[in-house]
Amino acid sequence: VLDRSESPFHPFTTPGECGIWNAVMEASGSKFEYEVTTFDTYASVLDEGGTISRFFNDPDVRESLNAPSLIEHPLWLGCIPGSGRRRRLEIDHHNKRELVYLDNDRPLSVVPYIAELLDDAKIDILMYNGDLDLACNAQSTELSLESMEWSGKEKWNDPTTTKWHQWDVDGQPSGHTKKFHNLEFVVVYNSGHFVPINQARHSLDMIGRLLDKKPLGDKELPMFPGKGTKKSPAVQVVSTDNGQAAEGTHSFSLLTALCGFLLGILTSYVISKRSASRQISSASSSFNATEATPLHRA
């Protein structure tokens with residue numbers, strides 16, 4: 001992180017904090033990191049005339065929040081691109097000084113608080129991400145939950161205990177999920193950052209199951225061997241009564257494999273020979289079917 005102390009930045013602001021995203025999105029051909037398959041930037045929600053802006057610019061809402069009035073601050077904006085979230089402002093209050101907005105807004109992890117809610121408060125927690133959201137992506141959530149220190153960490157990270165399941169809505173695959181005790185994580189298919197906008201029906205099903213204490217997993221997904229799984233031996237060696245290994249089955253398996261290999265080579269050779277002879281025969285018959293060259297008379 002570079003140190004930029006001149007206005008409007010301060011040391012806790014990374015210069016051009018949106019620049020990395022812009023470079024990634026430009027290279028990928030997309031324009032919207034919150035839903036990488038579309039150019040729709042949730043305009044109906046985020047733009048100046050969108051739902052959120054209309055709500056926070058409502059005079060009654062501003063008064064309830066003790067926010068500046070429309071006269072003091074005419075327009076509320078959700079984001080000012082390029083300005084960063086922390087700005088230095090100079091104000092006159094007794095004497096001239098600098099006021100740093102969100103000075104203590106720093107990237108502190110909330111994962112320990114989630115662990116407390118799980119272990120101490122015994123609250124059911126559902127974490128979800130849209131699979132098309134690059135900004136708040138499912139991979140980051142999965143890694144955070146795997147590293148979280150809580151009573152169920154070992155079981156959560158054990159794929160033989162906490163398995164991935166398919167989540168279905170109206171009989172169609174809608175995501176994949178895993179659950180252990182009071183923690184559940186789901187990745188919503190074909191959805192960006194605003195899951196209720198992209199997948200409204202699925203969101204209703206998800207919240208409904210959470211309130212009804214019903215898991216989202218409908219069908220167990222296949223598990224591939226990995227670090228947490230043990231592979232079964234290809235050949236089992238059975239001990240005899242006198243403690244010696246019975247190698248007869250193992251030898252027979254090797255002999256069978258060798259015979260199959262040789263048979264495969266022989267079959268390939270025969271097929272290739274037949275194919276070659278058919279091609280020669282076809283070429284010969286094609287030549288005989290052409291019109292004969294007329295004879296020249298003396």
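Colleague: Which residues are buried in helix H6 (residues 138-147)?

Modeller: The model is a predicted one. A residue counts as buried when its relative accessible area is under 20%. In helix H6, the residues that count as buried are Ala138, Thr141 and Leu145.

Colleague: Within what arc do the buried residues of H6 fall, seen down its axis?

Modeller: The buried residues are Ala138, Thr141 and Leu145. They line one face of the helix, because the arc that holds them, seen down the axis of H6, is 60°.

Colleague: Which residues are exposed on the other side of H6?

Modeller: The buried face of H6 holds Ala138, Thr141 and Leu145. To count as exposed, a residue must have over 50% relative accessible area. On the other side of H6, the exposed residues are Gln139 and Leu143.

Colleague: Against which elements do the buried residues of H6 pack?

Modeller: The buried residues in question include Thr141. They pack against two strands and one helix, namely strand S3 (125-130), strand S6 and helix H7 (153-156).

Colleague: In what order do the five strands of the open sheet stand?

Modeller: The pairing within this open sheet is mixed. At its edges are S3 and S7, each of which pairs on one side only. Read across the sheet, the order is S3-S6-S5-S4-S7.

Colleague: What angle does the direction of H6 make with that of S6?

Modeller: H6 packs on the sheet, where it touches S3 and S6. Between the direction of H6 and that of S6, the angle is about 165°.

Colleague: How many residues of strand S4 (residues 165-169) are buried?

Modeller: Strand S4 has five residues and is mostly covered. The number of its residues that count as buried is four.

Colleague: Over how many bridges do S4 and S5 pair?

Modeller: Two of the partnerships can be named: Val169 has Gln172 in S5 as its bridge partner, and Trp167 has Gly175. S4 and S5 pair in the antiparallel sense, and the number of bridges is five.

Colleague: Which residue in the turn of the S4 and S5 hairpin has a positive phi?

Modeller: The hairpin formed by S4 and S5 has two residues between its strands. One residue in the turn has a phi of about 55°, and that residue is Asp170.

Colleague: Which residue in S7 stands opposite His165?

Modeller: S4 also pairs with strand S7 (residues 219-220), in the antiparallel sense and over two bridges. Opposite His165, the residue in S7 is Glu220.

Colleague: How far apart are the end C-alpha atoms of helix H9 (residues 200-211)?

Modeller: At 1.5 Å a residue, the 12 residues of H9 should span 16 Å. The model agrees with this expectation, because the distance between the end C-alpha atoms of H9 is 17 Å.

Colleague: What arc do the buried residues of H9 cover around the axis?

Modeller: In H9, the buried residues are His202, Ser203, Asp205, Met206 and Arg209. On the other side of H9, Leu204 and Leu211 are exposed. The buried residues are on the same side of H9 because they cover an arc of only 165°.

Colleague: Against which helix do the buried residues of H9 pack?

Modeller: Four strands, S3, S4, S5 and S6, have the buried residues of H9 packed against them. Those buried residues also pack against one helix, H8 (195-198).

Colleague: Is Asn182 buried or exposed?

Modeller: Asn182 is found in the loop between strand S5 (172-180) and strand S6 (183-188). Its relative accessibility is 13%. The cut-off for a buried residue is under 20%. Asn182 therefore counts as buried.

Colleague: The backbone oxygen of which residue lies 3.0 Å from a polar atom of the side chain of Asn182, besides that of Leu118?

Modeller: The side chain of Asn182 reaches the backbone oxygen of Leu118 at 3.0 Å. Among the residues in contact with Asn182 are Lys122, Asp124 and Trp150. The other backbone oxygen, also 3.0 Å from a polar atom of the Asn182 side chain, belongs to Ile123.

Colleague: How far apart in space are Asn137 and His193, C-alpha to C-alpha?

Modeller: Asn137 has its place in the loop between S3 and H6 and counts as buried at 16% relative accessibility. A polar atom of its side chain lies 3.1 Å from the backbone oxygen of Leu134. Although Asn137 and His193 are 56 residues apart in sequence, their distance in space, C-alpha to C-alpha, is 8.5 Å.

Definitions and conventions
Residues numbered from 1 in each chain as written. Predicted model: local features only at pLDDT ≥ 70, side-chain atom pairs only at ≥ 80, totals over all residues. Heavy atoms only, no water. Buried < 20%, exposed > 50% of the residue type's maximum accessible area, 1.4 Å probe, protein only. Polar contact = N/O pair within 3.5 Å; in protein donor to acceptor, adjacent residues only side chain to side chain. Contact = heavy atoms within 4.5 Å. Arc of directions from axis to C-beta. Pairing = 2+ DSSP bridges. Axes fitted to C-alpha atoms, helices over the stretch in contact; angles between N-to-C directions. Expected span 1.5 Å × (residues − 1). Lists of a residue's contacts leave out its neighbours within four places in sequence.
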